[in-house]
Amino acid sequence: MRILGISGSLRRDSFNTRLLDAAAELLPEGAELVRWDGLEAVPPFNEDLEAGPAPAAVAELRDALADADAVLIATPEYNGSVPGQLKNALDWASRPHATSPLRNLPVAVVGASTSGFGGVWAQADLRRILARIGARVLDTELVVGLAASRFDESGRLLDEDTRRGLGEILGALVPQVRARELVAA
Ligand SMILES: Cc1cc2nc3c(=O)[nH]c(=O)nc-3n(C[C@H](O)[C@H](O)[C@H](O)COP(=O)(O)O)c2cc1C
């Protein structure tokens, strides 16, 4: 089972990217996590560009999604919602709707924030966006508030409750992947 990890942050020392690193240590048996780091290269979405070949970063994202059995997105919260760069990439990946690689793809959303609220709004918005696109969105949430206190200096996730919650969410992707395979068979 191949899980594509997408961080919604472009920041070098991003807590959300570190969450994906932690996820790679907590995978269900037989699963691998492959990170997609192309977010910064995705151009602003423009319907005019859809007539021509997809920009390289968009093509890479679509291919990475098509090769994945499931996706784990770790998103920051910016001003109460999803960071623009992440929404933009999802807009590209959602088109054309009928053939979007996100359709029916199991996706789990988690998020870290330096605030005490943990980015709950961004996670809720992201789940709504993904459902609108037609992804098989897990009804789970991992709220990592006060993120600076939960990682050590090397960026490793220390907080045991968070590690357990992350492991459970990764485990919850497995039946969704199976269900999707049954539908496709
Ligand atoms: C433009 C901007 C807006 C932000 N708005 C919120 C917010 O609405 N809620 C929140 O919990 N944190 C907010 N933050 C703080 C982020 O949670 C914090 O920067 C976090 O570390 C970003 O994730 P990262 O470490 O993965 O880059 C904001 C940060 C920025 C730069």
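**Exercise 1.** Which atom of the ligand is 2.8 Å from an N or O atom in the side chain of N16? Work outwards from there to describe the ligand site.

*Solution.* A word on the model to begin with: it is predicted, with local features needing pLDDT of at least 70 and side-chain atom pairs counting only at pLDDT 80 or more, while totals for chains, interfaces and linings use all residues. Residues are numbered from 1 along each chain as its sequence is written, and side-chain values use heavy atoms, without hydrogens and water.

Step 1. The atom is an oxygen of the ligand, 2.8 Å from the N16 side-chain atom; a polar contact is a pair of N or O atoms within 3.5 Å.

Step 2. The side chain of S9 also has an N or O atom 2.7 Å from a ligand oxygen. T114 uses its backbone instead, with an N or O atom 3.4 Å from an oxygen of the ligand.

Step 3. Taken alone, the ligand exposes 620 Å², of which the protein buries 71% (Shrake-Rupley method, 1.4 Å probe).

Step 4. Now the shell: 14 residues surround the ligand (a heavy atom within 4 Å), and S9, R11, S14, S113 and S115 are the closest.

**Exercise 2.** How many of the 10 residues of helix 1 are buried?

*Solution.* Step 1. Helix 1 (a DSSP run of H or I, at least four residues) spans residues 15–24. Eight of its residues are buried (under 20% relative accessible area, 1.4 Å probe, protein chains only).

Step 2. N16 is one of these buried residues, as are F15 and R18.

Step 3. At the start of the helix, a side-chain oxygen of S14 comes within 3.0 Å of the backbone nitrogen of N16.

Note on methods
A polar contact is a pair of N or O atoms within 3.5 Å; within protein, one must be able to donate a hydrogen and the other to accept it, and residues adjacent in sequence count only if both atoms are side-chain atoms. Buried means under 20% relative accessible area, exposed over 50%, partly exposed in between (1.4 Å probe, protein chains only). Helices (H or I, at least four residues) and strands (E, at least two) are DSSP runs, numbered from the N terminus.
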